[in-house]
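Reader: I work at the bench and would like a close look at one part of this protein. Please take a single strand and its surroundings, then go on to the cysteines and the cavities.

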Amino acid sequence: MGKLIRITASPPLCVRSKLLCFSLVYLLTTLSLFLYFSLSRNQCIFRYSPYDPIQTKIFSYPSSYGEHKYALPTHRSSCSSPVFFSDYWTVLSEIQSVCNEPSSSESLRYIHGKRETFGGNFSTQRRFSYFNHWNNDVEVPCGFFRDFPISNSDRAEMDKCELVVASAIFNDHDKIRQPVGLGVKTLETVCFYMFIDHKTLNSLFHHNVISKNNPKDYRIGVWRIITISKNLYLNPAMNGVIPKYLIHRLFPNSKFSIWIDAKVQLMIDPLLLVHSMLVIPDVDIAISKHPFFVNTMEEAMATARWKKWGDVHGLRMQMDTYCEHGLKPWSSHKLPYPTDVPDSAMILRKHGIRSNLFSCFMFNELEAFNPRDQLAFAFVRDHINPMVKMNMFEVEVFEQVVVEYRHNLKKTETSSNEEKEEEQKQESMRTIHKRRRWLDHESWSLNSSSCKSYLMEMKGDHH
């Protein structure tokens, strides 16, 4: 008879070998994290996003439009943020409560009438005479000395906005890009407005972004498109300055606003931005510091050197004017302002007397000299009374909340014969203007100028 063979179950290999067991756990964990990181839309590990509840695309562009071409490189990480954002629903409730509060009985009064230009073209002495605003019964110059050419239906809708995000594209200079990360209730609370001219509108027709058969109240994704029927200035950038700095007048019932240059795409819900950068720190304006410059004169010299503005004689005249009237380089005496030079591609405002005064006076300076708003910024900020409360946040914050793109490298040729004739006329006038006033940047000699002491003080601080 055969022997009875006993078969005993052997423990699994991974149990017999602790090292093998740990290796398998490590391998599975690493693989899971790799797959999560690779497939996540934000490429983050365990990223908690209470402020990013919308995951679907807001609008699909035709492939020819190229709205995401030429993004500028950045070192920002979408997984860690240098700025804290509160819970979306808490923020929504707080912002709605603020917007439902009755407006303050105190408000600015503006000079009305008809003048030579939209901004009034006031003299230097008269512009500066309004800086010390101690009496709210005194009317201040703040544009609109000519009609702002938009439709009545657009104007009626703009009057309803209590929190607005605005931008502008003139001369087909940029692309219209949709914001990312909007909360599920944001579009019920926030208005989005894009101001454009006819050249930009024709480009949108050309790329079939909007149809010519649509009604006149054009919309592209979240943006309501406002077509300016007539350019108020020869320079397209100066036309863009109107909604950028007179946003409180275009949207008279708004409590908050966010301006973004069309070269940037908003990546964070505007409610969270307003709450984090304006409401929590209790300031009037929030704006990014410049990534490189601290002093106004550094920006002015860079503007001349890189020919960001062709009229160098005009730049020098502007700087001389400001130095004569007390412009100083940045120092610790200017704290809590950490710098004299902003990056104004994004401006957040809590509308009130202080922020509105600052915006009005900035616009007046830009019309008087040029639309390079970084040059007038510190002079206006340091000289107005009451003092504006400002949150000048770090560049890392700016890079976290927006993506920046290059301007259009090639504009679409869509102009009619009449528009081409008008463009040629304007270009001819600009050429004559440049020929009359152009000076090479080497003529930026300030040895005998009013800014000599400014430069000596600035160089002394650097050493």
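Author: What follows starts with one strand and moves outward from there. The model is predicted.

Take strand β7, residues 256-260. This strand is mostly covered: 5 of its 5 residues are buried. Its side chains point in two directions. Phe256, Ile258 and Ile260 point one way. Ser257 and Trp259 point the other way. In a regular strand, side chains alternate between the two faces of the sheet. Residues on both sides of β7 are buried.

Now the neighbours. Strand β3, residues 163-169, runs parallel to β7. The two are joined by 4 bridges. One contact to look for is alanine 166, whose bridge partner in β7 is tryptophan 259. Strand β10, residues 342-350, runs antiparallel to β7. Here 5 bridges make the join. Look for isoleucine 258, which stands opposite leucine 348 in β10.

Ile260 of β7 leads on to a cavity. This residue helps line the largest cavity. Other lining residues include Ser167, Lys175, Arg177, Met194, Trp223 and Asp261. The volume is about 40 Å³. By type, the lining divides into 6 nonpolar, 1 polar and 3 charged residues.

The structure holds 2 cavities of 30 Å³ or more. The second largest also has about 40 Å³ of space. Among its lining residues are Phe148, Phe170, Ile228, Lys230 and Asn239. That lining divides into 5 nonpolar, 2 polar and 1 charged.

Next, the cysteines. A search of the whole structure finds 3 disulfides.

Start with cysteine 161 and cysteine 191, joined by a disulfide with an S to S distance of 2.3 Å. Cysteine 161 sits in the loop between α5 and β3, and cysteine 191 in strand β4, residues 191-196, so the pair ties together parts that are 30 residues apart in sequence. The torsion about this S-S bond is about -115°, so the disulfide is left-handed. Cysteine 161 is buried, at a relative accessible area of 0%.

Cysteine 142 and cysteine 360 form another disulfide, with sulfur atoms 2.1 Å apart. This pair links distant parts of the chain, 218 residues apart. Cysteine 142 lies in the loop between β2 and α5, and cysteine 360 in helix α12, residues 353-368. The torsion about their S-S bond is about -80°, so this disulfide is left-handed. Cysteine 142 has a relative accessible area of 0%, which counts as buried. Cysteine 360 is buried too, with a value of 0%.

Cysteine 323 and cysteine 451 also form a disulfide, their sulfur atoms 2.1 Å apart. They too link distant parts of the chain, 128 residues apart. Cysteine 323 is in helix α11, residues 312-324. Cysteine 451 is in the loop between α15 and α16. For cysteine 323 and cysteine 451 the torsion about the S-S bond is about 105°, so the disulfide is right-handed. Both cysteines are buried.

What about cysteine 99? Its sulfur is 9.7 Å from the closest cysteine sulfur, that of cysteine 191. A disulfide needs the two sulfur atoms within 2.5 Å. Cysteine 99 is therefore too far from cysteine 191 for a bond. Cysteine 99 counts as buried because its relative accessibility is 6%, and the cut-off for buried is under 20%.

Note on methods. Residues are numbered from 1 along each chain as its sequence is written. This is a predicted model: local features need pLDDT of at least 70, side-chain atom pairs count only at pLDDT 80 or more; totals for chains, interfaces and linings use all residues. Side-chain values use heavy atoms; hydrogens and water are left out. Buried means under 20% relative accessible area, exposed over 50%, partly exposed in between (1.4 Å probe, protein chains only). Two strands pair if DSSP finds at least two bridges between them. On a 1 Å grid over the protein atoms alone, a cavity is a set of points where a 1.4 Å probe fits but cannot get out, and a pocket is an open set with protein on both sides within 12 Å along at least five of seven lines; lining residues have an atom within 4 Å of a point. Grid points are joined across faces, edges and corners, and a volume is the space filled by probe spheres set on the points. Ala, Val, Leu, Ile, Met, Phe, Trp, Tyr, Cys and Pro count as nonpolar, Asp, Glu, Lys and Arg as charged, and the others, Gly among them, as polar.
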